Amino acid sequence: MNFLQQLNIKDENAGTSTGLNTISGSAEKIASYSPVNGKLIGSVLTTSPEAYNKVLETAQQAFLDWRKWPAPKRGEIVRQFSEALRKYKEPLGKLVSYEMGKSLQEGWGEVQEMIDICDFAVGLSRQLYGLTMHSERPGHRMYEQWHALGVVGIISAFNFPVAVWSWNAAISWVCGDVCVWKPSSKTPLCAVACQQIIAEVFAQNNVPEGVSCLVTGNACGDLMNTDERIPLISFTGSTRIGKRVATTVAERFGKTILELGGNNAIIVTENADMKMLLTGAVFGAVGTAGQRCTSTRRLIIHESIYDKTVETLKSAYSQLKIGDPLEASNHVGPLIDTKAVNDYLNAIETAKAQGGKIIVEGGKLEGKGYESGCYVKPCIIEADNHLDIVQTETFAPILYVMKYSTIQEAISKQNGVPQGLSSSIFTTNMREMEYFLSAEGSDCGIANVNIGTSGAEIGGAFGGEKETGGGRESGSDAWKSYMRRQTNTINYSTQLPLAQGIKFTV
């Protein structure tokens, strides 16, 4: 395929594996099969423990130099990376779509997110501000400053195979950190392509080798989590694995940014604009085949408009086109693999067993165009919020619908799950929207009004509460997680008074 050639990725016809680096140290390979058609795209050599140590040593050495570069100079490197991403946006977006299975528009959108975070980071490189504080002691000045942290470990998931890495990497680089990235083994070629793009930029600017590192294979994740040379681990993945990462890293007093599960709901009030709701709810539920951490899982609908809303949804779902995500006319692509399909089918059967009522029939699609075995039909199930299956995140296009009578009840249901990532309310009533955003309202890290639960912009901090992990990435002041704070007190007087008025004479 032409886009693979543009990114210097060899497909299966070439008969060779895609090399990561010269020190992979392993003969084992990770084969990448496209969920679009089931074909082998290419394979990547895994990183051995010995090679991993060499990578970390290189990263540590690079940090000693990179942290001395002025932050605006580091920002200039990130600016050039954003220009390179603009150049490769079309082929990289197609690779994301082909290897992961999301629609082509979403693939291009993910690369645009990379460009956006780079632009944000460039401006940030001149705004790594600290505070100046008044001292209680005469002739003293206090201030705080932020220093580079060191090696940042990035463990990313398959559903956003390039964007989430860039959120961490672009911010880390301008902060003076270096990065070691372990991508999902389900989408390794996207990582290879990104590493090749940034390597071109680094080579043109004499950036030290090791500022951006790539390791592959699940074993590397465990090595990173226990590695005291990595002060910060940014992990994106399931709540189950995130708990283990948090415990392991905390045991060595490391820091974590955790972006874990979501069980996101939209509250639909009797004052909702139904046309706007339709776009937000349907895209939120079926976009990326329901494989976003911000995908809409639950629709909490006011009882007075419940039947009307459900009928509108059924009509919209009947018009969805499912197929090759590189075809612009298709709305829904495949799940990432056949295991995800089985999880989806099991969730539907579990929901039915627990009392759920099928509104729009799901199921696996077979036949021409669906040979990969990864295509399913988006499903709508009427179910109570307290059901175990509703309380659980299923990474698939399953939408649960339920009724409410008061706004307090709706918010109680919205908050009544273990996860706390994204939430939304559709209403034209100012009191309802303000109540939803108040301290008594949504308990999620993201709370929207009249837009869906997915599609966050990079300007705001991204992340959630409760079992979503509490981490924040991307915009706002999320950069502080990638640096270490230092408080400084300077005495410019000829005396040495002690704080709190303590008297000490020698």
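**Exercise 1. The two sides of helix α10**

Task: In this predicted model, determine which residues of α10 are exposed and which are buried, and how the buried ones are arranged around the axis.

Solution.
1. Start with the exposed residues: D307, K308 and S318 are on the other side of α10 from the buried set.
2. List the buried residues, which are Y306, T309, V310, L313, A316 and Y317.
3. Look down the axis of α10: the buried residues fall within an arc of 125°, so they line one face of the helix.
4. Recall the general rule: an α-helix has 3.6 residues a turn, so residues three or four places apart point the same way.
5. Check the length. Helix α10 covers residues 306-318, 13 residues in total, and reaches 18 Å from its first C-alpha to its last. The span expected at 1.5 Å a residue is 18 Å, and the helix is close to it.

**Exercise 2. Helix α2 by the same route**

Task: Find which residues of α2 are buried and state the arc within which they fall.

Solution.
1. Locate the helix: α2 runs over residues 49-66 and has 18 residues.
2. Compare spans. From first C-alpha to last, α2 reaches 25 Å, close to the expected 26 Å.
3. Collect the buried residues: A51, Y52, V55, L56, A59, A62, F63 and W66.
4. Seen down the axis of α2, these buried residues fall within an arc of 140°, so they line one face of the helix.
5. Turn to the other side of α2, where E50 and Q61 are exposed.

**Exercise 3. Aromatic pairs**

Task: Classify the pair F158 and F395 by its geometry, and say where in the chain each ring lies.

Solution.
1. Set the context: the structure holds 11 aromatic pairs.
2. Take the two descriptors. For F158 and F395 the centres are 6.0 Å apart and the planes stand at 80°.
3. Apply the cut-off: planes over 60 degrees apart count as edge-to-face. The pair F158 and F395 is therefore edge-to-face.
4. Place the residues. F158 is in the loop between β5 (151-155) and α5 (163-175), and F395 is in the loop between α12 (388-391) and β16 (398-404). With these positions 237 residues apart, the pair links distant parts of the chain.
5. Add the accessibility. F158 counts as buried at 12% relative accessibility, whereas F395 is partly exposed at 25%.
6. Compare a second pair: the ring centres of Y370 and Y375 are 5.2 Å apart and their planes are at 55°, so this pair is tilted. Y375 is buried, with a relative accessible area of 0%.
7. Note two further ring arrangements. F81, W165, W173, W181 and F202 are linked into a cluster by ring pairs. K102 lies over the face of F160, 3.7 Å from the ring centre.

**Exercise 4. The largest pocket**

Task: Identify the residues nearest the centre of the largest pocket and the element that gives the most to its lining.

Solution.
1. State the volume, about 1200 Å³.
2. The lining of the largest pocket comprises 42 residues, and those nearest its centre are F158, G237, S238, R240 and I241.
3. Elements giving two or more residues to this lining are α7 (218-226), β8 (232-236), α8 (239-251) and α11 (338-353).
4. Among the elements, α8 gives the most, with 6 residues.
5. Connect this with Exercise 3: F158, nearest the pocket centre with the others named above, is also a member of the edge-to-face pair with F395.

**Exercise 5. Positive phi and chain separations**

Task: Where are N450 and S474 placed, and what is phi at each?

Solution.
1. N450 has phi near 60°, a positive value in a residue other than glycine. Its place is the loop between β19 (446-449) and β20 (461-462).
2. S474 has phi near 75°, also positive in a residue other than glycine. S474 is found in strand β22 (residues 473-474) and is buried, at 2% relative accessible area.

Task: What C-alpha separations are found for K87 with G470 and for L131 with E144?

Solution.
1. K87 is in helix α3 (residues 71-100) and is exposed at 62%. Its C-alpha is separated by 35 Å from that of G470, 383 residues apart along the chain.
2. L131 lies in the loop between α4 (104-124) and β3 (132-134) and is exposed at 51%. L131 and E144 are 13 residues apart along the chain, with their C-alpha atoms separated by 5.4 Å.

Notes:
Residues are numbered from 1 along each chain as its sequence is written. This is a predicted model: local features need pLDDT of at least 70, side-chain atom pairs count only at pLDDT 80 or more; totals for chains, interfaces and linings use all residues. Side-chain values use heavy atoms; hydrogens and water are left out. Rings of Phe, Tyr and Trp (its six-membered ring) pair if their centres lie within 6.5 Å; planes under 30 degrees apart count as stacked, over 60 as edge-to-face and the rest as tilted. Helices (H or I, at least four residues) and strands (E, at least two) are DSSP runs, numbered from the N terminus. Buried means under 20% relative accessible area, exposed over 50%, partly exposed in between (1.4 Å probe, protein chains only). A charge sits over a ring if NZ of Lys or CZ of Arg is within 6 Å of the ring centre and within 35 degrees of the ring normal. The expected span of a helix is 1.5 Å times one less than its number of residues. The arc is that of the directions from the helix axis to the C-beta atoms. On a 1 Å grid over the protein atoms alone, a cavity is a set of points where a 1.4 Å probe fits but cannot get out, and a pocket is an open set with protein on both sides within 12 Å along at least five of seven lines; lining residues have an atom within 4 Å of a point. Grid points are joined across faces, edges and corners, and a volume is the space filled by probe spheres set on the points.
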